[in-house]
Amino acid sequence: MNALSLRLTTTTTVASVVAAAGTRHSAKASSLLGRRFLATEVDSTDDKPARRVRKDFADKIKGGPGFSDFVGGMDEPLTPLQAMEKAAQVQGKLQSKASKHTRLPQWLKTDIPTGGNVTKIRKTLRDLKLHTVCEEARCPNMGECWGGGKHGTATATIMIMGDTCTRGCRFCSVKTSKNPAALDPLEPTNVATALAAWGLDYVVLTSVDRDDLPDFGSAHFAATVNNIRQMAPQMMIECLTPDFLGRPELIEPVALSGLDVYAHNIETVESLQRMVRDHRANYKQSMFVLQHVKQTKPTLLTKSSIMLGVGEKDEEVLQTMKDLRSAGVDIVTLGQYMRPTKRHMKVHEYVTPEKFKHWEQVGNELGFLYTASGPLVRSSYKAGEFFISEILRKRSAVAAANAASAGESGGAKNLRDIAATIATEERKKSIMADSSAGTS
């Protein structure tokens, strides 16, 4: 075969192969033209081995597990009525659980402060640009104290020296700053004017800490008390003071200014002082303030307060109360710490009313003239309730003692000093009578 014949034969063979291939693909295309394909279906006309078509997936789902297979103890599905009963049971359990872990126990819930006296006091405060710790500290007893409460004794707590403190205690919601605004020189007069107009029975003067002032505000405190005594001589005055860094020369002017009760709060037990209070305050310093006040004026009633629910132990509370009595403190109050905002320390526990009652009994046994202990008790909570009732009840005895002392060479004694002395003596007699009855 020559070269030409070989070339023609090869060409004919290639052409026939191409033509046959084209005919086959054309036939395949024609046969598949009217069909629709699934994404998982494999073309069976290919030369490759066909994969299994997953047509049985839906059947597997239909024949799979049902709702009853996921809920144990159910042989048959619940009827609509059974399902509703089951849902009611679950909801009842959730509500019961929520009531046990409520944000505030029922005994700590109070009414919103309203009433004519509350409105009157608020208006005077705004007009004279005065502040109350009742509002600044978000006290829950404001309505009862300002309105007089069931005993009719109206009290208020005025915060002098501004509304900005130089210290930052973790329990207090008062604003803080290293350099607060300057003192208002008219404040002592404005406070006395407001209190004389309100007709209150008892007032508590407290203040922010003013470490930025040379005397920490001691002279401002004394001036305010003097002005109140001149404009409202019948009013009982309590001063809840800072610690003045424990400096005797700053404590004494306030103690001798004419007030009736000198209060300074220890706040918490000794082990928790640094966690609860500002680092410039401390347990021994506060104890010294209370002790020095009693040494400066023995007839002056002294008072302190303890917060519970911040992580203290019972034996620590007892020791703190004993230390306060050793410092000569006459009145102690114990109340529940309540977190003012989320930025402040958390409540460790909500102490029960029964526990507070226990501490009241302990205070009486230790010899305090008065122990106010309860979930809603604050340092100045219904402050006049005890003092006013005691003094009014003994008015005739006080008047007689005052008249008798008027002829003494030393001059007439202060009416409130005599009242405090009588209350102290009667308390001692009561304690001695109780102890005698116990021994007999």
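Which handedness does the crossing of α13 and α14 have? The views below come from a predicted model, and the first of them takes up this question.

**Figure 1. Helices α13 and α14 meet in a right-handed crossing.** Here we look at helix α13, residues 314–326, packed against helix α14, residues 353–366. The angle between the two is about 35°, and their axes lie 11 Å apart. From α13, the residues that make the contact are D314, V317, L318, M321, K322 and R325. Facing them from α14 are K355, W359, V362, G363 and L366. Sorted by class, the residues of this contact comprise six nonpolar, one polar and four charged.

**Figure 2. Helix α8 packs on helix α9 with their axes within 8 Å.** Helix α8 covers residues 187–198 and helix α9 covers residues 218–231. Their axes cross at roughly 35°, and α8 passes α9 in a right-handed crossing. On the α8 side you will find E187, P188, T189, V191, A192, T193, L195 and A196. These meet H220, A223, T224, N227, I228 and M231 of α9. The contact of α8 with α9 is made up of eight nonpolar residues, five polar residues and one charged residue.

**Figure 3. D201 sits in the loop between α8 and β5.** This view moves on to the loop after the helix. Is D201 buried or exposed, or does it fall in between? With a relative accessibility of 27%, D201 counts as partly exposed. The partner to look for is M235, which is 34 residues away from D201 along the chain. In space, the C-alpha atoms of D201 and M235 are separated by 5.6 Å.

**Figure 4. F216 and E267 are two loop residues with positive phi.** F216 belongs to the loop that runs between β5, residues 202–207, and α9. Its phi is near 60°, a positive value in a residue other than glycine. F216 has a relative accessible area of 10%, so this residue counts as buried. The second residue, E267, is found in the loop between β7, residues 261–263, and α11, residues 273–276. Phi of E267 is near 70°, again a positive value in a residue that is not glycine. How accessible is E267, and is this residue buried or exposed? The relative accessible area of E267 is 13%, which means that E267 is buried.

**Figure 5. Helices α10 and α12 pack at an angle of about 55°.** In this close-up, helix α10 spans residues 248–255 and helix α12 spans residues 283–296. Their axes are 10 Å apart. Why are the two helices called oblique to each other? Oblique angles are those outside the ranges under 35, over 145 and 65 to 115 degrees, and α10 and α12 are therefore oblique. The crossing in which α10 passes α12 is right-handed. P248, I251, E252 and A255 represent α10 in the contact, while α12 contributes F288, V289, H292, V293 and T296. By class, the residues of the contact of α10 with α12 are six nonpolar, two polar and one charged.

**Figure 6. V289 in helix α12 is buried.** The relative accessible area of V289 is 0%, so V289 counts as buried. Which residues does V289 touch beyond those up to four places away in sequence? The list is D243, G246, I251, Y262 and H264. One of these, I251, is also among the residues of α10 that meet α12. Another, Y262, is 27 residues from V289 in sequence, with 10.0 Å between their C-alpha atoms.

**Figure 7. L290 also lies in helix α12.** L290 has a relative accessible area of 0% and is therefore buried. Leaving aside residues up to four places away in sequence, L290 touches H264, T302, K303, S304, L324, A327 and V329. H264 appears here as well as among the residues that V289 touches. L324 is 34 residues from L290 in sequence, and their C-alpha atoms are 8.2 Å apart.

**Figure 8. The whole protein chain has 17 helices and 10 strands.** To close, here is the setting for the views above. Of the 440 residues in the protein chain, 40% count as buried. Among contacts between residues at least 6 apart in sequence, 73% join residues at least 24 apart. The accessible surface of the chain is about 25200 Å², and 56% of this belongs to carbon and sulfur atoms.

Terms used:
Residues numbered from 1 in each chain as written. Predicted model: local features only at pLDDT ≥ 70, side-chain atom pairs only at ≥ 80, totals over all residues. Heavy atoms only, no water. Axes fitted to C-alpha atoms, helices over the stretch in contact; angles between N-to-C directions. Helix = DSSP H or I, 4+ residues; strand = E, 2+ residues; numbered from the N terminus. Left-handed = near helix turned anticlockwise from the far one by under 90°. Contact = heavy atoms within 4.5 Å. Nonpolar A, V, L, I, M, F, W, Y, C, P; charged D, E, K, R; others polar. Buried < 20%, exposed > 50% of the residue type's maximum accessible area, 1.4 Å probe, protein only. Areas by Shrake-Rupley, 256 points an atom, 1.4 Å probe, with all protein chains shown as cover.
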